[in-house]
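Q: I am new to this one. Please take a close look at a single part, the salt bridges.

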Amino acid sequence: MKKIFNLSVVLLFVMAGCQKKDEYLLNRTPDERLTDALAQYQNILTSAQYGWKVIVYPKGLEGVYGIKSAFSYFMQFKDANTVTQLSDFDTTTASVPKTSGYRLKALQRPSIEFDTYGYIHLPCDPDPAISKSPVASEGGGYGWGSDFDFAFADNKAPAQLGDTIRLVGNFNSSPAIMVRATKAEYDAFYAQGLKNAMVLDKILNYFKKITVGSTVFESTPGGYRTITFKYLDGSNNLNTIVSPPYYLTPNSISFVSPFTVNGLVIKSIDNLSFNAATNTATCTINGVTSTIAGAIASIKTDLTAPQRWFAALPTNFNKAWRSDAGFHVNGVDDAYGVKTIPNFYQYWYWYNAISSTVDYFGPMVISGGSLANATYYSRVKSGPTFTVDGRAIFALSANTGTFPASVTNTTNLFYNTTGFYFVQIDNVTYDMVSATDAKSWIRWWHN
C-alpha cells in the first residue's frame, strides 16, 4: 500500500505539470505564438550591430535552362522596418548603399519579405535590361530566377539560432544564408570592398594572364556569373575550365564550390588589389601571392577558330550569327548603344543576305510585329581574309542607308584593319575579339 501511495503522489505531480503546460499552450493561440516568434526574429535581425552578410543562390533558371548563379549582399536591419543594402550586382550597388523596406510576416513558416524595391530585387526584375537576365532572348520576365520573399528554414526556435540563419525563397525556392558580420567586415563593405573585388572588370583586356607561383593560366569572360580559365597542359594543348558561379565578398572572388585548374584547386581569389597605372592586379590564391595582367592575345591562339565561325554560317538558323548587344569596348557593355536603336532586336552577321558574294552586317528590328533588317546596314564582302596567326579581317563592299552614330561606330570597329581573333565558347557561341588591343569584343551565337 505504501508503494502504491508513493506512486500515486508521483503521478499527481506529473499530471499537475502536464496541466500547467497544457494551460500555457491553451492560453496562447497559434497566432500569438507566431507573433511572438516574428518578434524574436525581428530582434535577431536588428540586434546585429555590424549587419549581415547574405548570399542568395537563385534556383528559378536551373530546371529549364541549367543556369546556376549566386549574389552577395550586405544588409543592416532597423527597427523601423528599413534595411540598408550593398550588393555585388554591379559597380553602383557595390558602392552606394540603398535603404528600402522589409517586413516579417506569417505564412506557412515565418518569413521575411523585402517589400519595397531594393538591391535584392534586381536579379528578380522581369525587365532584362535591368536584371541583365541570361535568358533575355527568351522574352524576358525571368530575371535570374531569384527571390525577394524568404521563409526562415532552420527549423529551430528563434532563440536557438546563432550567428547563421538559413532561408529559402517562397517563390523560386532559392536558398540563402545570412551570417552575422564582424566590425572588420562592416568596415570593408563600407570601404567599397565589393567594388574593389571587381578587378577582372577593371583590367579591360579580354585576355587576362594569371600567374600563381610558377603556374601560368589565363581567364576570359565567362557567362552567367562564371569565369573561363584556360591553361596549357604538358602536350601544349589549350584546356578550358569554366568555373562554378561566383559571388563577391570584400576584396575577394568566392566560388560556390572548389574547382581545379592545371592541378591547382581554387576556392577563391583573395586580397585583390588593382593598380590602374599598370593595368594589373595582385591577389592571393590558396595563400600564394599572385598577379593578374591584361594581354592582347591568348596564351595559345586558336588558329582555325575564324574559319570554323565562318564555315558554320550556311547551316546556322537563318544563316546568321546573332548578338544581343553590340561591342563591349573598354569595359562598357554595348559601348556604342545599339540597344537604343528604335525597335532593336539583335545585331546580325547574315551570310549571303545581299548576294552570293555579299553578306549583311547590321541591326535587326521588329517592324509591324515581324522581324526585319533595319534600313541601314553594311554590305560585307563574303569571306574574310584569314591570317596564319589566327585572325579574320573583314572587307567593305558598300554601306546602305543613313547610319545613326551607334551603327557608324560599330561598323568602323568591325572593319578595323587588324581584324579579330575568335574564341569558341561552345558549339553555338563565339567571341570575336579585336586583335588591336583585345579591349573590344562582341559575342555571337546561333540557335
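How many salt bridges does the structure hold? Please go through some of the pairs one by one.

A: This is a predicted model, in which local features need pLDDT of at least 70 and side-chain atom pairs count only at pLDDT 80 or more, while totals for chains, interfaces and linings use all residues. Residues are numbered from 1 along each chain as its sequence is written, and side-chain values use heavy atoms, with hydrogens and water left out.

The structure holds 14 salt bridges. Each one is a side-chain nitrogen of Lys or Arg within 4 Å of a carboxyl oxygen of Asp or Glu.

Start with Glu 113 and Arg 103. They form a salt bridge, and their closest N and O atoms are 2.8 Å apart. Glu 113 sits in strand β6 (residues 110-113) and Arg 103 in strand β5 (residues 103-106), so this pair ties together parts that are ten residues apart in sequence. Strands here are DSSP runs (E, at least two residues), numbered from the N terminus. The two partners differ in cover. Glu 113 is buried, at 14% relative accessible area. Arg 103 is partly exposed, at 38%. Buried means under 20% relative accessible area, exposed over 50%, and partly exposed in between (1.4 Å probe, protein chains only).

This pair also belongs to a network. Salt bridges link Arg 103 and Glu 113 with Lys 105, Asp 115 and Asp 149.

Next come Arg 166 and Asp 154. Their side chains meet in a salt bridge of 3.7 Å, N to O. Arg 166 is in strand β8 (residues 164-169), and Asp 154 is in the loop between β7 (149-152) and β8, so the pair ties together parts that are twelve residues apart in sequence. Again, cover differs within the pair. Arg 166 counts as partly exposed, with 44% relative accessibility. Asp 154 counts as buried, with 17%.

A third pair is Arg 391 with Asp 389. Here the side chains meet at 3.1 Å, N to O. This time the arginine is the buried partner: Arg 391 has 18% relative accessibility. Asp 389 is partly exposed, with a relative accessible area of 33%.

To recap: the acid Glu 113 is buried, as is Asp 154. Their partners Arg 103 and Arg 166 are partly exposed. In the third pair, Arg 391 is buried, whereas Asp 389 is partly exposed.

Technical notes
Helix = DSSP H or I, 4+ residues; strand = E, 2+ residues; numbered from the N terminus.
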